[in-house]
Amino acid sequence: MSEQKIGTKCVQAGYTPKNGEPRQIPIIQSTTFKYDTSEDMGKLFDLEASGYFYTRLQNPTNDYVAAKIAALEGGTAAMLTSSGQAANFFALFNICECGSHIVASSSIYGGTFNLISVTMAKMGIEVTFVSPDSTDEELDAAFRDNTRAVFGETIANPALTVLDIERFAAAAHRHGVPLVIDNTFPTPVNCRPIEWGADIVTHSTTKYLDGHGAAVGGCIVDSGKFDWMAHADKFPGLTTPDDSYHGITYAEKFGKEGAFITKCTAQLMRDFGCIQSPQNAFILNLGLESLHVRMPKHVENGQAVAEFLEQHPMVEKVNYSGLKSDKYYTIAQKYLPNGGCGVVSFELKGGREAAGKFMKALKLAAIETHVADARTCCLNPATSTHRQMTDEQLAAAGIPAGLIRLSCGLEDKEDLIADLAQALEVLK
Ligand SMILES: *Cc1c(COP(=O)(O)O)cnc(C)c1O
């Protein structure tokens with residue numbers, strides 16, 4: 001059979017029941033697994049055989065769902081984590097250690113910015129932030145001998161910049177390191193970064209992949225393309241023996257296709273234990289089954305709302321890469337031909353005060369610290385996630401006080417627009 005299309009994979013990939021087995025993915029609600037002999041179990045501990053022994057490291061329900069996401073992204077291996085934060089931390093820490101350096105887009109999720117610039121700095125890992133719009137020369141200048149990874153988001157949350165993945169991948173590869181892409185906002189339905197040269201893809205599955213605001217989670221997918229052995233001196237964790245597993249060298253034993261995820265599971269999941277609960281993995285899979293049906297609707301609503309806001313006299317500016325006026329329109333045509341996502345951001349005339357009044361007047365769109373839900377929600381960063389910053393600091397960070405992030409859900413667009421229109425009336 002030829003390669004399946006994305007919708008078929010959303011519905012069926014990752015789990016194929018045998019004769020008489022459950023049609024739906026079973027929730028293996030068990031911390032542990034039973035073996036007949038201690039020799040059998042010993043082989044698992046030595047990574048000589050594959051199987052399960054303790055859910056802090058691996059669980060079958062999670063692995064079915066991770067296999068589906070690997071198929072959607074076009075990767076060779078994947079693992080679920082307890083959150084998107086854990087996924088990004090693991091993806092980077094799997095190849096970085098004290099003394100390493102990361103090149104990261106400055107236009108990334110605040111939580112990831114903090115993780116890299118504050119928490120990982122305490123571990124002795126340095127970072128250079130670069131503009132997502134950097135030229136090749138600017139990118140090259142950011143690398144050092146100790147650089148171990150490049151990080152960016154396909155569509156940044158909440159800045160909504162679109163990354164030139166091919167160019168960032170080429171820069172990473174010129175310097176012998178992998179490109180890690182957080183693909184949370186477009187999802188593999190709208191963009192598959194591996195096809196553009198990304199080596200590792202991460203997700204906050206909390207967002208569109210679940211899509212119903214029901215379960216926090218994350219995922220890491222390996223493209224299986226990065227040649228660790230060709231850059232062995234940079235990645236000793238993958239290319240030299242691991243004493244905690246009887247001297248296994250991951251890149252030798254599991255090859256390009258399996259080394260990254262096996263090491264990440266065997267070491268980081270073992271030691272940090274940020275596993276997704278099997279129950280959450282089951283909920284995530286229910287979301288994935290309709291991802292290809294939901295994403296076009298989120299895009300349709302986002303586009304309609306962006307177009308409505310753009311022509312409204314009370315609106316200063318709209319950011320949405322589907323608008324011809326948007327700075328990222330051309331690049332989005334390349335990477336996101338079917339649209340990006342349902343998140344739109346816009347600046348109201350009248351700043352912080354207008355934003356508060358407007359949001360209070362909304363009836364359908366709820367005020368929440370969330371995006372990518374079936375229900376439309378919104379947030380004013382200046383009075384919530386970024387409230388410690390002054391108006392001047394906000395302006396410098398590209399987040400005007402009157403900026404509103406609106407995540408368009410799956411409601412009918414006519415109702416969403418009517419809700420926005422009546423709330424804008426209040427400002428007049
Ligand atoms: C939400 C988000 C995260 C963090 O994910 P959690 O599941 O909340 O831990 C990381 N990256 C992006 C782009 C996000 O939107």
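This section describes the two domains of a predicted model, the boundary between them and the surroundings of the ligand. Residues are numbered from 1 along each chain as its sequence is written, and side-chain values use heavy atoms, without hydrogens and water. Local features need pLDDT of at least 70 and side-chain atom pairs pLDDT 80 or more, whereas totals for chains, interfaces and linings use all residues.

The domain assignment, automatic or from a database, gives domain 1 (7-286) and domain 2 (292-425). Their C-alpha centres are 29 Å apart. Contact (heavy atoms within 4.5 Å) links 31 residues of domain 1 with 29 residues of domain 2. The two domains bury about 2,600 Å² between them, taken as the accessible area (1.4 Å probe) lost on being put together, summed over both. Carbon and sulfur atoms account for 63% of this area.

Two salt bridges are counted between the domains; each requires a side-chain nitrogen of Lys or Arg within 4 Å of a carboxyl oxygen of Asp or Glu. Glu 166 forms a salt bridge with Lys 334, with the closest N and O atoms 2.6 Å apart.

Fifteen residues surround the ligand, each with a heavy atom within 4 Å of it. Asn 157, Asp 182, Ser 204, Thr 206 and Lys 207 come nearest. An N or O atom in the Asp 182 side chain is 2.7 Å from a nitrogen atom of the ligand. Oxygen atoms of the ligand are also approached: a polar side-chain atom of Ser 204 lies 2.8 Å from one, and a polar side-chain atom of Thr 206 lies 2.6 Å from an oxygen atom.

Conventions
Polar contact = N/O pair within 3.5 Å; in protein donor to acceptor, adjacent residues only side chain to side chain.
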